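Me: I would like to learn how to read a protein model feature by feature, with the general idea given before the particular case. Could we go through one together?

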Amino acid sequence: MRRLIPSWFAFALFTALNAYAESPELSLAGVYEKGVALEDYWVSEKLDGVRAYWDGDRFWSRGGNEYRAPDWFTEGFPDVPMDGELWMGRGRFSELSGAVRRLEPINRSWRQIRFMVFDLPALNQPFSERIQAMEGLLQPSPSPFLAIVAQRKATDHERLMSALDKVVSEGGEGLMLRRGGSLHATGRSDDLLKVKRYDDAEAVVVAHLAGSGKYEGMLGSVRVRRDDGRQFRIGTGFSDEQRENPPPVGATITYKYYGFTSTGLPRFASFLRVRNDEPMEP
């Protein structure tokens, strides 16, 4: 059985439950730069999971498609909109993506997944108060498959970078910052910032370019297109297996880079992963 909405939540959530039904409007992260007033922010680990929106009954992807979790997985989940990540653990994105995108869920895969909650988007309160609401709603957790992403107050740049290096050394992806006084808002803003030692972005594969030397007969690089239409090559970051079976033309990939060249293209772009987080077509 679902855990029912606490009475003090009910009025605030009534409209949101309808508004977010199948096309969630999510908050998106900007990029942290030194100089931000960190005392205004909370910091948490950036999980390498699949973003998912729980509308109180079902999971939805960023694109408005349903993730078909088993009924037993969501038993006990509150009837409250929750934003978070479906997560298997550090370094397991590909395995996770393959599991949650299936139209017919596989129980043994879903038993390794947790829904890690980092926001209650329907609650019209500052984020610091939403943290308290999450703790009141989910501690103790009503389900072994449901948990809160740990939040702590940010302090200064040096300690933030030290925390980042520790997370990365342990196999994590990075950190997230969220302004404590911010209300939930859709789109990209400085209220939500990602903290990494590199930048990342997405692009669409438009061509495969043959390799030479040790990569003869395999993929040498891919040509990709950004949202603004500009194209460039990515030739590093691929395993030998990925060079033999490269991301198909038309696939969206995530790549990392370190700033921009004088012509405005990503500097030292390197392949990270295929961005497979939408459910498979029937």
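Reply: What follows is a dialogue about the pocket, helices, core and backbone of this structure.

Me: What should I know about the model before starting?

Reply: This is a predicted model, in which local features need pLDDT of at least 70 and side-chain atom pairs count only at pLDDT 80 or more, while totals for chains, interfaces and linings use all residues. Residues are numbered from 1 along each chain as its sequence is written, and side-chain values use heavy atoms, with hydrogens and water left out.

Me: How is a pocket found, and what is the volume of the largest pocket?

Reply: Rolling a probe the size of a water molecule over the atoms shows where empty space is left. On a 1 Å grid over the protein atoms alone, a pocket is an open set of points where a 1.4 Å probe fits, with protein on both sides within 12 Å along at least five of seven lines, and its lining residues have an atom within 4 Å of a point. Points are joined across faces, edges and corners, and the volume is the space filled by probe spheres set on them. Here the largest pocket has a volume of about 1100 Å³, and of the 47 residues that line this pocket, Lys46, Arg62, Arg188, Lys194 and Asp200 are the closest to its centre.

Me: Which strand gives the most to that lining, and how do the lining residues divide by character?

Reply: Strands are DSSP runs of E with at least two residues, helices are runs of H or I with at least four, and both are numbered from the N terminus. Strand 12 gives the most to the lining, with six residues, and the elements that each supply at least two include strand 1 (27-31), strand 2 (41-46), strand 11 (187-195) and strand 12 (199-210). The lining divides into 20 nonpolar, seven polar and 20 charged residues, where Ala, Val, Leu, Ile, Met, Phe, Trp, Tyr, Cys and Pro count as nonpolar, Asp, Glu, Lys and Arg as charged, and the others, Gly among them, as polar.

Me: How do I read the two sides of a helix, and which residues of helix 5 are buried?

Reply: An α-helix has 3.6 residues a turn, so residues three or four places apart point the same way. Helix 5 (residues 127-138) has twelve residues and reaches 16 Å from its first C-alpha to its last, close to the 16 Å expected, the expected span being 1.5 Å times one less than the number of residues. Its buried residues (under 20% relative accessible area with a 1.4 Å probe, protein chains only; exposed is over 50%, and partly exposed lies in between) are Phe127, Arg130, Ile131, Ala133, Met134, Leu137 and Leu138. They lie on the same side of helix 5 because they cover an arc of only 165° around the axis, the arc being that of the directions from the helix axis to the C-beta atoms. On the other side of helix 5, Gln132 and Gly136 are exposed.

Me: Which residues are buried in helix 6?

Reply: Leu160, Met161, Ala163, Leu164 and Val167 are buried in helix 6. These residues cover an arc of only 160°, which puts them on the same side of helix 6, whereas Glu158, Arg159 and Ser169 are exposed on the other side.

Me: What is a nonpolar core, and which element gives the most to the largest one?

Reply: In soluble globular proteins, nonpolar side chains tend to be buried together. A nonpolar core is a set of buried Ala, Val, Leu, Ile, Met, Phe, Trp, Tyr and Cys residues joined through side-chain atoms within 4.5 Å. Of the 32 residues in the largest core, Phe59, Phe73, Met82, Leu86, Ile113 and Phe115 touch the most other members. Helix 5 gives the most to this core, with six residues.

Me: Which backbone feature does Phe268 show, and where is the cis peptide bond?

Reply: Most residues other than glycine have a negative phi, and most peptide bonds are trans. Phe268 has a positive phi of about 55° although it is not a glycine; Phe268 is found in the loop between strand 15 and strand 16, and counts as exposed because its relative accessible area is 61%. The peptide bond from Gln139 to Pro140 is cis, with omega near 0°, and Pro140 lies in the loop between helix 5 and strand 8.

Me: Is Pro121 buried or exposed, and how far is Pro121 from Asp83 in space?

Reply: Pro121, in the loop between strand 7 and helix 5, counts as buried because its relative accessibility is 7%. Pro121 and Asp83 are 38 residues apart in sequence and 6.7 Å apart in space, C-alpha to C-alpha. Leu26 is 57 residues from Asp83 in sequence and 8.1 Å from Asp83 in space, again C-alpha to C-alpha.
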